[in-house]
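Student: Got a minute to go through this one with me? I'd like to start with the pocket and then wander around.

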Amino acid sequence: MTGKAKAGGTHHSEALKQVTYLASALKAPRITEAAGRLADHARDAGWTHEEYLAAVLDREVAARNASGAQLRIRAAGFGSRKTIEEFDWDAQPAVRQQIAALASGGFLTEARNVVLLGPPGTGKTHLATGLGIAAAHHGHRVLFATATEWVTRLTDAHRAGRLPQELTRLRRYGLIIVDEVGYLPFEQDAANLFFQLVSSRYEHASLILTSNLPFSGWGGVFGDQAVAAAMIDRVVHHAHVLTLKGASYRLRNRGIDTLPSIRTQDTAD
């Protein structure tokens with residue numbers, strides 16, 4: 001090895017040591033691995049210093065985003081992780097394009113809502129979860145719970161005298177998912193608390209709601225037609241309303257075509 005080659009190798013080694021130190025100081029240890037892995041390729045391809053630096057930093061940002069998304073997904077409280085890619089589109093082809101557009105996350109930046117209506121077992125929870133996971137990958141904080149669980153949470157906050165603080169805290173989440181609206185009726189106090197949750201997010205942050213009932217049946221759920229009407233007005237003013245149809249996927253190949261609770265009327269009326 002010539003003196004020039006030895007000097008070049010020494011310089012390269014010292015530079016990587018410096019990169020390792022600086023990456024550690026920046027709390028970005030992945031930069032060291034990316035810098036070493038891309039160095040030879042950058043030299044062979046004739047990259048400029050700027051192109052090499054951009055490529056190294058791009059790897060770090062991508063890794064951080066992926067790590068952050070996993071933290072947001074774990075914190076969301078999903079019952080199970082179901083992605084949009086795993087959904088059986090053969091059963092719901094009519095909404096595929098709409099869901100694909102929603103998965104891009106544009107509705108979140110506009111503080112728009114999504115309402116998924118349809119009979120039990122048609123994939124509403126799966127799609128709501130999938131959109132929530134997509135939102136987490138886009139950098140949004142997400143919380144998932146059933147309608148009953150949300151009411152319990154709000155009731156506890158109300159009894160502790162901290163409902164305004166809780167609603168303020170929840171507004172910091174880009175997306176709140178309320179699953180299973182309509183499966184159980186609410187007492188009037190609970191309905192009022194749920195209305196406050198909806199109102200606090202109106203034109204501020206997004207909601208995804210799933211329900212097996214048409215909007216016309218929400219009055220019975222909340223025990224008050226006026227409260228239900230005011231809530232629906234706020235939910236759908238800036239919303240994408242998707243109706244899922246068909247029999248429950250849980251009943252496929254079991255010789256059962258319908259459930260007693262499924263009505264033939266349009267679920268979006």
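Student: By class, what does the lining of the largest pocket have?
Tutor: Keep in mind that this is a predicted model. The lining of the largest pocket has 15 nonpolar, five polar and one charged residues.

Student: And what volume does that pocket have?
Tutor: About 540 Å³ for the largest pocket. It has 21 lining residues, and those closest to its centre are Val19, Ala35, Tyr52, Leu53 and Val56.

Student: Which helix gives the most to that lining?
Tutor: H1, with seven residues. Helix H1 (3-25), H2 and H3 each supply at least two residues of the lining.

Student: Let's stay with H3. What should its 28 residues span, and how far apart are the end C-alpha atoms?
Tutor: Helix H3 covers residues 49-76, and at 1.5 Å a residue it should span 40 Å. The end C-alpha atoms are 40 Å apart, so the two agree.

Student: Which residues of H3 are buried?
Tutor: Ala55, Val56, Glu60, Gly68, Ala69, Ile73 and Ala76. Val56 is also one of the residues closest to the centre of the largest pocket.

Student: What do the buried residues of H3 pack against?
Tutor: Two helices and a strand: helix H2 (30-45), helix H6 (124-137) and strand E2 (142-146).

Student: And what follows H3?
Tutor: Gly77, with a positive phi near 85°.

Student: OK, over to E2. How many of its residues are buried?
Tutor: Five of the five, so E2 is largely enclosed by the rest of the structure.

Student: Which ones point which way from E2?
Tutor: Val142, Phe144 and Thr146 point one way, while Leu143 and Ala145 point the other way. Both sets are buried.

Student: Which strand is E2 joined to, and by how many bridges?
Tutor: Strand E3, residues 175-181, by five bridges, and the two run parallel. For one bridge pair, take Val142, whose partner in E3 is Leu175.

Student: Now Thr146. Why is it classed as buried?
Tutor: Its relative accessible area is 16%, and buried means under 20%. So Thr146 counts as buried.

Student: What is Thr146 in contact with, leaving aside neighbours within four places in sequence?
Tutor: Asp179 and Glu180. As for Phe78, Thr146 is 68 residues away from Phe78 in sequence, with the two C-alpha atoms 10.0 Å apart in space.

Student: Changing topic: is E1 mostly covered or uncovered?
Tutor: Mostly covered. Strand E1 runs over residues 113-117, and five of its five residues are buried. Asn113, Val115 and Leu117 point one way and Val114 and Leu116 the other.

Student: Which strand does E1 pair with over five bridges?
Tutor: Strand E5, residues 239-243, in the parallel sense. There, Leu117 stands opposite Thr243.

Student: And over four bridges?
Tutor: Strand E4, residues 206-211, which also pairs with E1 in the parallel sense. Val115 of E1 stands opposite Leu209 in E4.

Student: How many cavities of 30 Å³ or more does a search of the whole structure find?
Tutor: Two. The second largest has about 30 Å³ of space.

Student: What lines that second largest cavity?
Tutor: Asn113, Val198, Arg201, Tyr202, Ala205, Leu207, Arg234 and Val235. H9 and helix H11 (225-237) are the elements that give two or more residues to the lining. By class, the lining has five nonpolar, one polar and two charged residues.

Student: Back to H9 for a sec. Is Ser200 in there buried or exposed?
Tutor: Buried, because its relative accessibility is 14%. Ser200 lies in helix H9, which covers residues 188-201. Not counting residues up to four places away in sequence, Ser200 touches Leu167 and Arg171.

Student: Last bit, the overall picture. How many helices and strands are there?
Tutor: The secondary structure comes to 11 helices and five strands. The protein has 269 residues, and 42% of them count as buried.

Student: And what share of the contacts with a separation of 6 or more comes from residues 24 or more positions apart?
Tutor: 79%.

Methods. Residues numbered from 1 in each chain as written. Predicted model: local features only at pLDDT ≥ 70, side-chain atom pairs only at ≥ 80, totals over all residues. Heavy atoms only, no water. Expected span 1.5 Å × (residues − 1). Buried < 20%, exposed > 50% of the residue type's maximum accessible area, 1.4 Å probe, protein only. Contact = heavy atoms within 4.5 Å. Pairing = 2+ DSSP bridges. 1 Å grid on protein atoms, 1.4 Å probe; cavity = no way out; pocket = protein on both sides within 12 Å on 5 of 7 lines; lining within 4 Å. Points joined across faces, edges and corners; volume = space filled by probe spheres on them. Nonpolar A, V, L, I, M, F, W, Y, C, P; charged D, E, K, R; others polar.
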